Amino acid sequence: MPSPKVEREIDALVKRLPRPQAAMLPALHLIQDEIGHVPVPERVWLAGKLGVSPAAVEAVLSFYTLFRRQPEGKYVLYVCSTLPCALKGCEQVFGHLRKLLGVDAGGTTADGRFTLKRAECLGACDEAPVVQVNGEFHNRVMDWDPDSGRASFATLERLLEDLR
Amino acid sequence: VSTPLLLANIGKPDSTSLASYRGSGGYEGLAHALKMQPAEVIEEVKNSGLRGRGGAGFPTGMKWGFVPKESPKQRYFICNADESEPGTFKDRLIMERDPHLMLEGLITGSYAIGASHAFIYVRGEFPQAHRALAQAIEEARREKLLGRKILGGDYDLEVHLYKGAGAYICGEETALMESIEGKRGHPRLKPPFPAVEGLFGCPTNINNVETLANVPLIFSHGHAWYAAIGRDKNTGPKLYCLSGHLKRPGVVEEPLGVKLHELIYEHGGGLWRKGAKLKAVVPGGSSVPILRAEESDILMDFDSVAKAGSLLGSAGVIVMDDTTCIVNALLNVLKFYAHESCGQCTPCREGCHWLVKIVRRIEDGKGTRADIDLIDNVAGNIMGKTICPLGDAVAMPAQSYVRKFRAEFEEHVKRGSCPLPGAA
């Protein structure tokens, strides 16, 4: 179950918001931030707190991509894959990470350290190609000379080294 | 290049602090507005000509005026900070670097419609924006700019900071309200419109971050000064997001009506490859119709871009040079919308995936000439047939990419392969 601290925060949200169910997203964020994902017992517990059915919690959990129903790696790497990043070589970034980590999209490394994922536009198109690690932006992760087509992944490899 | 108005404070080292914002004249506009009657505040915004910067370009003052003045119900004001349209990154800049600018607009608007509670719905992928806003709200509360008796008057406002969780559709106003209510982000059928029945069934106004960032300018300088910026019926400064094959991508401030070529060749530094040619430009985020290079010498305001057959949208300018495969670019855009379709309306839920399959087939060299017409047909059966505009957002690129670059689609079919493999 969530810690007393998280429970207190959820209780405060329920009190402050016009309807208990409005605390759903913030409560799921709080639980996930503490545990790393939202396990089944916590879903049922939250349903009771908010006065909704467990199905209502499940419906929300399965709709939003940032909520996790299973444990994932310590670092979740989101490679932005939408058009502006694609024009700046995000497929090469994804391919390089797949090679370095030995996992495909959605996969977690055997040591539980990294999960590799694709993201839809992360809203940092001027810094393309971008990767987000646990919510923080890493910009221009590929150094690319547009004229020769030569690409360097030094920035990307340094980032991974720092997280190992 | 004009003097920055929206980005005036952003260049300073401690731009997120209240002290820095006040040093740039911040919250002077709010002080003026709070001395006016709410109806006068709405009138001032109407007279400024401000149009919503979220994409639709609807007159902001008129929108505020739709909220019923006599209602026994609570009234809500929402700031839509769920910026997710591919190619758009202006709202994040304001939130991360000058949060008080939009907060001042939010307080002014809330006062105008008589809301005692406001929500800011920040995209879940923007933790830094969330932190900056949380700090700004805290500071504003300490300095009596929020909470009880704002600036010593008799207006009270409570602001709730709300974090999304990864769903493009929640940028649609009624889906966003469903999300705050703790549900899946399914857009609602309109009417009733939010002004009458919005958040928690109460009268609600909702505006984009950049729209609110414009409001303080109107009240610190007056509507006449504001309306003199830009062009007729397209007034005020605007943030343009430059991305794609440019030497200097980034956020640029210019008045509405700046030349698209000035954005591309002066601010953006031109194309990033030596000897490359401009192939296409998406002027307003990935959902708007694409422009061929020869159609791109236009003015960037709501009416001029519409006249050119596209939309200003979010002013997300995505530039493509001649190394880009248009079929592959369309495939990328379609995959985005297929991923983000909420699944509520059949034409969009099914159509998005059909379009992805058809365009992938063509890109892989396995398509037929009939497939090219099928794209137009399927897109036409989505357009205007869904509860929310996500359907149009997938149909507009699908139809325009095919109609404007048909020869490239045909070449894929004829060759049985992509002529520009590995591009885009």
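This is a short conversation about reading a predicted two-chain contact and a few local features.

Visitor: Before we start, what kind of model is this, and how are things labelled?

Guide: It's a predicted model, where local features need pLDDT of at least 70, side-chain atom pairs count only at pLDDT 80 or more, and totals for chains, interfaces and linings use all residues. Residues are numbered from 1 along each chain as its sequence is written, chains are lettered from A and ligands numbered from 1 in the order in which they are written, and side-chain values use heavy atoms, with hydrogens and water left out.

Visitor: What is the mean pLDDT of chain B?

Guide: pLDDT is the predictor's confidence in each residue, from 0 to 100. Where pLDDT is low, the predicted coordinates should not be read in detail. Chain B has a mean of 97, with 99% of its residues at 70 or more. The model's scores are ipTM 0.96 and pTM 0.97.

Visitor: How many residues does each chain bring to the contact?

Guide: Contact means heavy atoms within 4.5 Å. Chain A gives 41 residues and chain B gives 62. For buried area, take the accessible area (1.4 Å probe) that two parts lose on being put together, summed over both. Here that comes to about 4,100 Å², with 60% of it on carbon and sulfur atoms. On the chain A side, Phe63(A), Leu83(A) and Leu87(A) lose the most area to chain B, together 16% of what that side buries.

Visitor: What about charged and polar pairs across the interface?

Guide: Side chains of opposite charge can pair when their charged atoms come close. The salt-bridge rule wants a side-chain nitrogen of Lys or Arg within 4 Å of a carboxyl oxygen of Asp or Glu. Between chain A and chain B the count is three. Asp147(A) forms a salt bridge with Lys274(B), the closest N and O atoms being 3.3 Å apart.

A polar contact is a pair of N or O atoms within 3.5 Å; within protein, one must be able to donate a hydrogen and the other to accept it, and residues adjacent in sequence count only if both atoms are side-chain atoms. By that rule, 23 residue pairs are in polar contact across the interface (both at pLDDT 80 or more).

Visitor: Which element of chain A supplies the largest share of the side that touches chain B?

Guide: Helices (H or I, at least four residues) and strands (E, at least two) are DSSP runs, numbered from the N terminus. H2(A) supplies the largest share, five residues. Chain A has seven helices and six strands in total.

Visitor: Why is the pair Trp144(A) and Trp272(B) called edge-to-face?

Guide: Rings of Phe, Tyr and Trp (its six-membered ring) pair if their centres lie within 6.5 Å; planes under 30 degrees apart count as stacked, over 60 as edge-to-face and the rest as tilted. For Trp144(A) and Trp272(B), the centres are 5.2 Å apart and the planes at 80°, so the pair is edge-to-face. This pair crosses between chains, from strand E5 of chain A to the loop between helix H11 and strand E10 of chain B.

Visitor: Which backbone oddities should I look at?

Guide: Most residues other than glycine have a negative phi, and most peptide bonds are trans. A cis peptide bond joins Ala128(A) and Pro129(A), with omega about -5°, and Pro129(A) lies in the loop between strands E2 and E3 of chain A. In chain B, the bond from Pro191(B) to Pro192(B) is cis, with omega near 5°. Tyr27(B) is not a glycine, yet has a positive phi of about 70°; look for Tyr27(B) in the loop between helices H1 and H2 of chain B.
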